[in-house]
Amino acid sequence: MAQRDMDRINVGLIGFGTVGTGVVKILKENAGILKDKLGCEVVLKKIADHDIVRDRGVHVEQDILTTDGREVINDPEISIVIELIGGTGAAKDLIMEAMDRGKHVVTANKALLSIHGREIFEKAARKGVDIYFEASVGGGIPVIKALREGLVANRIESMYGIINGTANYILSKMTNDGGRFEDVLRRAQEKGYAEADPSYDVEGIDTANKLAILINLAYGTYVNPGDIYTEGIASVSQLDIKFAKEFGYRIKLLAIAKAVDSRIEARVHPTMIPASHPLANTDGVYNAIHMRGNAVGSVMLYGLGAGMMPTASAVVADIADICRNIRKGAANRITPLSYTEDAVREVGIKDISSLEMPYYIRFLAMDKPGVLSKISGVLGAHNISISSVIQKDRKIGGAVPLVIVTHNAFERELRSSMEEIEKLDIIQDKVVYIRIEENIGAAN
Ligand code: NDP
Ligand code: HSE
């Protein structure tokens, strides 16, 4: 690039939706700040979207709009392509083709990167272009940069994340204001905090995709998000939220990864965590990620994990990084995972049944003498030790909730003991159990 070209770097946007609109706003409103920081002007040369008529609330010249994403990637004057259409179909084709044409890429597409990350990152390396993806996890929170750069000196011992705003909003509302999952979800949909089809968010799929990306960065690997044990929040009840409070916990949908010997623990599920932990107080649509590095100790990042402007903030940060790389002739200065290509390796995920942790277990049990001893007998036979027990009501001859918190127990033993206990005639319903994380941030 000639020096004159270095003073103006052309970017092209595909996807003028929620995040795309935020990106256009920031590039316009903060053009001066960006120029002062980058030493160059970021010029939005083309925007592609299916709909180029709708008023997006930000002025753009009509002649830069097109309905064809390929007009963006085929423009020889565009150096950086910003993919913000989402999904794993057209988005993948456009990104791959853009890199084939020597373009650098910015994307927020966690669904795509969690599944096709390896193929996309390997192409970026072959083509000598940059791919940045800060907004794919934690919206505006710079967690990707933290893992790739700020924490580069560390072996990451553990990561605990609240990385889905929709699920966190619903759980926080249920905890703070009461209400059943179905009713709170419906109200969240009415307010626009949850999608019409909420399954991706409430079933934990989005969280598992994002956790896969964090694991890949932390451990220099490519895990399949489908291999991450994933449970959503639909089964969380008011009863469990109230009992959790009595035991000093709050329930959060947590993404958990821990390095254990040469393998990793990776799981997504509703988790009881101490009410005093900062993660327990991350409410509403906020996200937070707690990481422990063997040198730095505990680090926690907190902020808005979604929404037009926070997400666009992360996208524009990526554009800025690439502009700086272009100006210094330093594309690929940092590899996508921050591990060199030959250091990327397979890391096995431990099967959930082999993990050991404390559990909260709720039974609907007959209120009569000898019930607790029957239950504790089965638990004892599975080497599960009881830490505390609560039975709230009295209903002689009827069924009442009976809650047990265990010491560390193996998941496989817990599951077999639950199967046995459910067959006892003193048990009236399916047993509910929720995993507990007592020592978030403690050294492994
Ligand atoms: P939107 O649906 O609001 O915007 C996407 C836009 O792209 C729509 O206008 C869509 O048009 C258009 N589009 C889709 N396919 C094409 C195509 N082939 N060619 C041209 N235009 C196309 O999505 P968001 O802005 O919310 O999300 C964008 C990305 O950012 C996704 O990967 C998402 O996961 C990620 N993200 C979003 C966050 C958020 O808060 N919204 C937070 C973090 C990440 P049409 O509607 O007609 O299909
Ligand atoms: N649906 C996601 C959430 C958007 O609720 O967090 C951000 O990825």
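These legends walk through four close-up views of a predicted model. Residues are numbered from 1 along each chain as its sequence is written, and side-chain values use heavy atoms, without hydrogens and water. Local features need pLDDT of at least 70 and side-chain atom pairs pLDDT 80 or more, while totals for chains, interfaces and linings use all residues.

**View 1. Six strands make an open parallel sheet.** Their order is 3-2-1-4-5-6; strands are DSSP E runs of at least two residues, numbered from the N terminus, and two of them pair if DSSP finds at least two bridges between them. Strand 3 (65–66) and strand 6 (131–132) each have a single partner strand, so one side of each is left without a neighbour in the sheet.

**View 2. Strand 1 meets strand 2.** Residues 8–14 and residues 41–48 pair in the parallel sense over seven bridges. Look for V11, whose bridge partner in strand 2 is L44.

**View 3. I215 sits in the largest nonpolar core.** Such a core joins buried Ala, Val, Leu, Ile, Met, Phe, Trp, Tyr and Cys residues through side-chain atoms within 4.5 Å, where buried means under 20% relative accessible area with a 1.4 Å probe, protein chains only. Of its 82 residues, M159, I170 and I215 touch the most other members. Helix 11 (residues 205–219; helices are DSSP H or I runs of at least four residues) gives the largest share, nine residues.

**View 4. A second core lies apart from the largest one.** This other core has 37 residues, including V23, L44, L65 and I319.

Terms used. Chains lettered and ligands numbered in written order. Buried < 20%, exposed > 50% of the residue type's maximum accessible area, 1.4 Å probe, protein only.
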